[in-house]
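Please open the model in your viewer and keep the sequence panel beside it, since this tour moves from one selection to the next.

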Amino acid sequence: MLRDRFDRLCILGLVLVAGALVALLVTAGPSAGRQNDGGVERRVEQEMLAQARVAFLERHYGTVVSMRDRGELQSALLKLEELERQLPGEPHGALLRGEILHRMGLVDRSISSLALAVRGNGDYIDPASPLNQRDLIASVAGQAVPLLRDRLRGQPDDRQAVAVLKDAYYLQSRLAGGCE
Amino acid sequence: MQRFGPLTRYLSEKVGVNFEAVPVDTQDFEGRFKAGEFTFTHTNSILYVMLKHDYDLQLIAAEKRGQFGPRTAGAIVVRRDSPIKSLQDLKGKRMIFGPQMAPTGYMAQYDLMLKAGLDPERDLAFSTIPQGSFKHEKLIYGVYLGAFDAAAAPVLDLETMTREGKIAADDFRILAQSEIIPYCTFGAAKTTDAALVEKFRKALLELTPETTVEIDGERRKVLGAAWVDGFEALRDQDYDPVRAMAKRTNMPPYQVY
């Protein structure tokens, strides 16, 4: 096979090229520019998804929000019942219901709805999210805990109060940064 | 009565007593209770207040249904396109009410009108109460179909009909809504054994949507069959808004002739 000097030179050349290729493969990662491009792409994608979700929620729940803002709280709740048939289990319905029930003075019912919303979508407690409702959730949970503790002191076997208090603690834990 | 069959069976099994559910017309309830026909009662909140006032009925638990749990409200509704914009506009109009002993289908709306300075007996051109079953649905449809200008609609029925797709939230305008008051309530006669009452109460509060019983060889969900979401322990003072409303509207047990 290695009969003359030319053959040996060819083999040596091949070994050098193969070595160079291996060295290139081992040492070359994605460039900083390409990494940045990937990050930007992901951010753009997330931004687009967030905007699409906000637009989706505005399209479906806009009437509820308008009714709520006009003070037609019961009509807004009825509209949510109607929407529940089209979008069953959508956390935004639970969030709006929680807010409206709070405005109607039903703190315990409000807590249960808000906990359902946060369990369904953590964006409601994410300060960076356009759906952030931390202030509302903190305020309702803060009101609910002492009320429920008082109720439980009078009626320790009140299962409903126990369940709602658990929901209130859950919300406070999520607000503080705890996991589910 | 099929609705309450699984609940009756469940309570019999849990409490260890063979219960029998007896349907009673609201108007006859007090007389039959006084005669000692029932030990445990399942009534609306006006009847609970009456029986507590007159016979010291023991409060067991309240039924949970709809957005407000063991409570609900009464509303006065008109069609969305109605020229009636306020309670004052009801003068000279046709209005349909629920049965006279209905807390959120009659008393709450009567109270709303009195508070607004209207006399339901004199200021309406015509008022009536539907006959037969599904009275609350009938009065909502009565307004929807244009037979009446306004209806005394229980919010719970508006919720249920909207959820079932029978009406749309945009079909009606709510002119006024009462405060939220307790609704259906279980009670026990004063002389009932305390341990039995406690067992009954515990059985109700332990019910979950998954609880089933066997009826005629079929497993039935207890709460689902009874159209109930669950039961909640209320305190007697939670019924004070019902008492205040009954006093303002001259309803039993506070009526003065």
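**The nonpolar core**

Begin, in this predicted model, by selecting A:L114, B:I46, B:V77, B:M107, B:A150 and B:A151, which have the most contacts inside the largest nonpolar core, a set of 105 residues. Next, colour chain B by domain, with domain 1 as 2-68 + 182-248 and domain 2 as 74-178; both give residues to this core, so the core lies between them. As general background, nonpolar side chains in soluble globular proteins tend to be buried together.

Now centre the view on A:L114 and, leaving aside residues up to four places away in sequence, look for the residues that A:L114 touches, namely A:L95, A:G98, A:I137, A:V140 and A:L171.

**Two helices of chain B**

Move to chain B and select helix α3 (residues 45-55) together with helix α9 (residues 240-248), whose axes come within 10 Å and cross at roughly 90 degrees. That crossing makes α3(B) roughly perpendicular to α9(B). To see the contact itself, show B:S45, B:I46 and B:V49 on α3(B), and B:V242, B:R243 and B:A246 on α9(B). Sorted by class, this contact of α3(B) with α9(B) has four nonpolar residues, one polar and one charged.

**Where the chains meet**

Finally, display both chains, and select the 16 residues of chain A that are in contact with 18 residues of chain B. On the side of chain A that touches chain B, α3 (73-86) and α7 (159-175) of chain A each supply at least two residues, and α3(A) gives the most, with nine residues. Colouring that side of chain A by class shows three nonpolar, four polar and nine charged residues.

Methods: Residues are numbered from 1 along each chain as its sequence is written. Chains are lettered from A and ligands numbered from 1 in the order in which they are written. This is a predicted model: local features need pLDDT of at least 70, side-chain atom pairs count only at pLDDT 80 or more; totals for chains, interfaces and linings use all residues. Two residues are in contact if their C-beta atoms, placed from the backbone, lie within 7 Å. Helices (H or I, at least four residues) and strands (E, at least two) are DSSP runs, numbered from the N terminus. Ala, Val, Leu, Ile, Met, Phe, Trp, Tyr, Cys and Pro count as nonpolar, Asp, Glu, Lys and Arg as charged, and the others, Gly among them, as polar. Axes are lines fitted to C-alpha atoms, for helices over the stretch in contact, and angles run from 0 to 180 degrees between N-to-C directions. Angles under 35 degrees count as roughly parallel, over 145 as roughly antiparallel, 65 to 115 as roughly perpendicular and the rest as oblique. A nonpolar core is a set of buried Ala, Val, Leu, Ile, Met, Phe, Trp, Tyr and Cys residues joined through C-beta atoms within 7 Å. A residue is buried if 20 or more other C-beta atoms lie within 10 Å of its own, exposed if 12 or fewer, and partly exposed in between; C-beta atoms are placed from the backbone. Domain bounds come from an automatic or database domain assignment.
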